[in-house]
Amino acid sequence: MLIVMRCVCVVITGLILAANAVKFLIVTHDGVRLYNMAGGYKNVILLQDMVKDVDYHLARNDVYVMTYRQIIRTPLEGRSTQNYTVIADPEDEYRFTSLAVDWVHEVLYWTSGPILVIHQACLNGSEQRIILRCCYIEKHLNKLLVDPYVGRLFWMTNNEVHSANLQGKEYKKDIFPKISSIRDIAIDVYRQRIYFLAAFSGDDTWFVTSSGYDGGYLKRHVQAPRVMYGLGAQRDEVYWIPHDDDSCVWEGNDVYRHRFTLYSASTEDNSTARPLLMFPEPVWNLRVIQSDLMEGNSSHGMCT
């Protein structure tokens, strides 16, 4: 059942010209919104259930939305709709945690817990199977990510980043064994790099960091708070929504409100965080839409 809520406004606080064409899928308390830095936003879908994760298939104009209880598909662009298609429901012992769309091979991947399981299916939900069983999820599992061009899956659990091929084989545990703690991950398919929030010492100083897919060529980009509501990257920019003391705003009468702001920074050395958008509502996750990479890809693979 869908509930239409009141519209919200966007305050553009520091928009830079280089980011004008960038689009974001933003997970809010009641659904998913598509933000266009050059022209506002639209509601993609509004739900009663809390959204866990979101991904997209640009060539098909589809968004895949995960709640604890199901995975659904709905249109990305065009007129807002209340219609959606249920793609998958969890088995009794599982709870959905994250998903990723392989737009090249037309395959959907998702994870469930509390024992980490990676599932694979066609985009319509058919031919479902388990391709990997991993470990007990001691702490929350962050995004499952896919680079279909190199044929790798990436995910984070228990402060470690893991990887496997698209069949769940060639499993590589803990890509960054020398980093004490990792939170949040994103990948840039253009540069074939993993981005993550990392602490390198015991002083609780955290940096947005990146490396190659194999863990090499490590690079610190910008200092950031230890908790984020979302992380993404595209070409020469990295994007995140932090949670820190500065995000708490006094409204009077002993009432505080958290302020949710999207920041960006260059992936060059010694970069500076820049505010881009301020959201007047809770924001829990984001996906950067890599539009010029996805258009025009032909499908081939197990589901064609």
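This is a short walk through the structure above, from an enclosed space to the pairs of charged side chains and a few residues in loops. Keep in mind along the way that the model is predicted.

Let us begin on the inside. Rolling a probe the size of a water molecule over the atoms shows where empty space is left. Here the count comes to one cavity of 30 Å³ or more. The volume of the largest cavity is about 240 Å³. Its lining is made of 18 residues, and those closest to the centre are Leu145, Ile187, Arg287, Val288 and Gln290. Which strands each supply at least two residues of this lining? They are β5 (51–57), β13 (145–147), β16 (181–188), β20 (227–234) and β26 (283–289). As for the character of the lining, 13 of its residues are nonpolar, two are polar and three are charged.

One of those strands deserves another look. Strand β16 also holds Ala186. Is Ala186 buried or exposed? With a relative accessibility of 4%, Ala186 counts as buried, because the cut-off for buried is under 20%. Between the C-alpha atoms of Ala186 and Ser210 there are 9.2 Å, while along the chain these two are 24 residues apart.

Now let us turn to the outside. Met50, Tyr68 and Trp284 together make a nonpolar surface patch of about 270 Å². Tyr68 sits in the loop that runs between β6 (62–67) and β7 (71–75). The relative accessible area of Tyr68 is 32%, so this residue is partly exposed.

The same loop brings us to charged residues, since Arg69 also lies between β6 and β7. Side chains of opposite charge can pair when their charged atoms come close. In this model the count comes to eleven salt bridges. One of them joins the side chains of Asp49 and Arg69, with 2.7 Å from N to O. Why can this pair be said to tie together separate parts of the chain? Asp49 is in the loop between β4 (40–46) and β5, whereas Arg69 is in the loop between β6 and β7, so the salt bridge connects parts that are 20 residues apart in sequence. The C-alpha atoms of Arg69 and Asp49 are separated by 8.3 Å. The two partners can also be described by their accessibility: Asp49 is partly exposed at 23%, and Arg69 is exposed at 53%.

A second salt bridge is found between the side chains of Arg60 and Glu106, at 2.4 Å from N to O. Arg60 belongs to the loop between β5 and β6, and Glu106 to the loop between β9 (95–102) and β10 (107–113), so this pair ties together parts that lie 46 residues apart in sequence. Which of the two words, buried or partly exposed, fits each partner? Arg60 is partly exposed, with a relative accessibility of 45%, whereas Glu106 is buried, with a relative accessible area of 5%.

A third pair is formed by Arg73 and Asp62, whose side chains meet in a salt bridge of 4.0 Å, again given from N to O. Here the partners sit in strands: Arg73 is in β7 and Asp62 is in β6, and they are eleven residues apart. Arg73 counts as partly exposed at 22% relative accessibility, while Asp62 is buried at 13%. Beyond pairs, there is also a network: Asp53, Asp55 and Arg287 are joined by salt bridges that share partners. You have already met Arg287, which is among the residues closest to the centre of the largest cavity.

To finish, let us look at the backbone. Most residues other than glycine have a negative phi, and most peptide bonds are trans. Gln192 is not a glycine, yet its phi is positive, at about 55°. Where is Gln192 placed? This residue is in the loop between β16 and β17 (193–199), and with a relative accessible area of 40% Gln192 is partly exposed. Arg235 likewise has a positive phi of about 55° without being a glycine. The loop that holds Arg235 runs between β20 and β21 (237–243). The relative accessible area of Arg235 is 34%, so Arg235 is partly exposed.

Conventions. Residues are numbered from 1 along each chain as its sequence is written. This is a predicted model: local features need pLDDT of at least 70, side-chain atom pairs count only at pLDDT 80 or more; totals for chains, interfaces and linings use all residues. Side-chain values use heavy atoms; hydrogens and water are left out. On a 1 Å grid over the protein atoms alone, a cavity is a set of points where a 1.4 Å probe fits but cannot get out, and a pocket is an open set with protein on both sides within 12 Å along at least five of seven lines; lining residues have an atom within 4 Å of a point. Grid points are joined across faces, edges and corners, and a volume is the space filled by probe spheres set on the points. Helices (H or I, at least four residues) and strands (E, at least two) are DSSP runs, numbered from the N terminus. Ala, Val, Leu, Ile, Met, Phe, Trp, Tyr, Cys and Pro count as nonpolar, Asp, Glu, Lys and Arg as charged, and the others, Gly among them, as polar. Patches are made of residues with over 30% relative accessible area and no salt bridge: like charges are joined within 9 Å, nonpolar side chains (Val, Leu, Ile, Met, Phe, Trp, Tyr) within 5 Å. Accessible areas come from the Shrake-Rupley method with a 1.4 Å probe; for residues, only the protein chains shown count as cover. Buried means under 20% relative accessible area, exposed over 50%, partly exposed in between (1.4 Å probe, protein chains only).
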